[in-house]
Amino acid sequence: MSEPILQIDGLTHGFAGVPVLHQVDLTVEAGDSMALIGPNGAGKTTLLRAAGGLLEPDAGSVRIDGRDLAEMSRREIARRMSYLSQATPQVFDFSALELVLMGFHARTGRFSLPSKTQRERAHAAMRQLEIEHLAERPASVLSGGELQRVLMARTLVARADVWLLDEPTSHLDVRHQLAMLRQVGGHVGDGGTVLAVLHDLGLVHRFFDRVAVLKAGELVATGPVDETLNTDLLSDVFEVELVRGEVDGQTVWTVGG
């Protein structure tokens, strides 16, 4: 039996003595599209960062294809997993194109310049996300939504098997949210794997097959989206009465009376 592509065991972490994650166990199989949901402060971003090897947990382990991340270099991890953080203002004045080209770093020499082929691939990724016209614009002047799409273009060119996406639809209008999540579907359709933090429950139903639910740093449910998400669970997790319905065949969640 083959190893799951991503295996998280007993993951525990805190900051400044304040616990954030408690003994989280999570298995992500190759080809999974898994959404990670929960209220603010539940530990979603911390879990995603630990899964990508960007922080060392206080206890527990993360393995990719059976190999412990603690035994791998940052470049080795980056060849297998691409981490898309929430878009934040850029301190250094890289151009949008330069940010996208950074997606190649894990597979090229440390001091090598981008090749013609890499530049063409970067432009193609930006064109796919309708941001090629921003190529030479300083990243520091981009809107949040523009920067989010630039970072997604960087994820596309990295060609990692596993995408770890932290609120990939933040800052985006409805049309670009759908376009972003179609990229997720395309990656999974090509055999890739996605673990993504989302807040819009309707989008979780529409674009993801599996879901993991965090509350107060503990994993309280995991499984197929339509079977796992129910009114009792979500009303308890988000501490507000939620009601499930359908509009034009799509699942929607509303706040009850």
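This report describes the nonpolar cores, the packing of helix α5 against two other helices, and several residues around those contacts in a predicted model.

**Nonpolar cores**

The largest nonpolar core holds 51 residues, and within this core the members that touch the most others are Ile37, Phe208 and Leu229. Helix α5, which spans residues 144-158, contributes the most to this core, giving seven residues. Beside this core there is a second, separate one of 30 residues, which includes Val20, Met81, Leu164 and Leu195. When residues up to four places away in sequence are set aside, Phe208 touches Ser33, Met34 and Ala35, together with Leu181, Val184, Val194, Ala196, Leu198, Leu203 and Val225.

**Helix α5 and its partners**

Helix α4 (residues 116-128) and α5 have axes that come within 9 Å and cross at roughly 130°, and α4 and α5 are therefore oblique to each other. The crossing in which α4 passes α5 is right-handed. On the α4 side the contact is formed by Arg121, Ala122, Ala125, Met126 and Gln128, which meet Ala153, Leu156 and Val157 in α5. Sorted by class, the residues of this contact between α4 and α5 comprise six nonpolar, one polar and one charged.

With α6, helix α5 packs at an angle of about 10°, and the two axes are 12 Å apart; that makes α5 roughly parallel to α6, because angles under 35 degrees count as such. Here Gln148, Arg149, Met152 and Leu156 of α5 make the contact with His176, Met180 and Gln183 of α6. The contact of α5 with α6 has three nonpolar, three polar and one charged residues.

**Residues around these contacts**

The accessibility of four residues is set out below.

| Residue | Relative accessible area | Class |
|---|---|---|
| Gln148 | 0% | buried |
| Thr169 | 12% | buried |
| Arg107 | 47% | partly exposed |
| Arg159 | 53% | exposed |

Gln148 has its place in helix α5, and its C-alpha atom is separated by 8.7 Å from that of Thr88, although Gln148 and Thr88 are 60 residues apart along the chain. Thr169 belongs to the loop between β7 (162-166) and α6 (174-189), and its relative accessibility of 12% counts as buried because that class covers values under 20%. Leaving out residues up to four places away in sequence, Thr169 touches Gln148 as well as Gln177, Leu181 and Leu203. Leu181 and Leu203 also appear among the residues touched by Phe208.

Arg159 lies in the loop between α5 and β7, and at 53% relative accessibility this arginine counts as exposed. With residues up to four places away in sequence not counted, Arg159 touches Arg107 and Arg121, and Arg121 is one of the α4 residues that meet α5. Arg159 is also 8.7 Å from Phe104, C-alpha to C-alpha, while Arg159 and Phe104 are 55 residues apart in sequence.

Arg107 is found in the loop between α3 (96-101) and α4, where its relative accessible area of 47% makes it partly exposed. The C-alpha atoms of Arg107 and Arg159 are separated by 9.8 Å, with their positions 52 residues apart along the chain. Neighbours within four places in sequence aside, Arg107 is in contact with Arg79, Ala158, Arg159 and Ala160.

Technical notes:
Residues are numbered from 1 along each chain as its sequence is written. This is a predicted model: local features need pLDDT of at least 70, side-chain atom pairs count only at pLDDT 80 or more; totals for chains, interfaces and linings use all residues. Side-chain values use heavy atoms; hydrogens and water are left out. A nonpolar core is a set of buried Ala, Val, Leu, Ile, Met, Phe, Trp, Tyr and Cys residues joined through side-chain atoms within 4.5 Å. Buried means under 20% relative accessible area, exposed over 50%, partly exposed in between (1.4 Å probe, protein chains only). Helices (H or I, at least four residues) and strands (E, at least two) are DSSP runs, numbered from the N terminus. Contact means heavy atoms within 4.5 Å. Axes are lines fitted to C-alpha atoms, for helices over the stretch in contact, and angles run from 0 to 180 degrees between N-to-C directions. Angles under 35 degrees count as roughly parallel, over 145 as roughly antiparallel, 65 to 115 as roughly perpendicular and the rest as oblique. A crossing is left-handed if the near helix is turned anticlockwise from the far one by less than a right angle, and right-handed if clockwise. Ala, Val, Leu, Ile, Met, Phe, Trp, Tyr, Cys and Pro count as nonpolar, Asp, Glu, Lys and Arg as charged, and the others, Gly among them, as polar.
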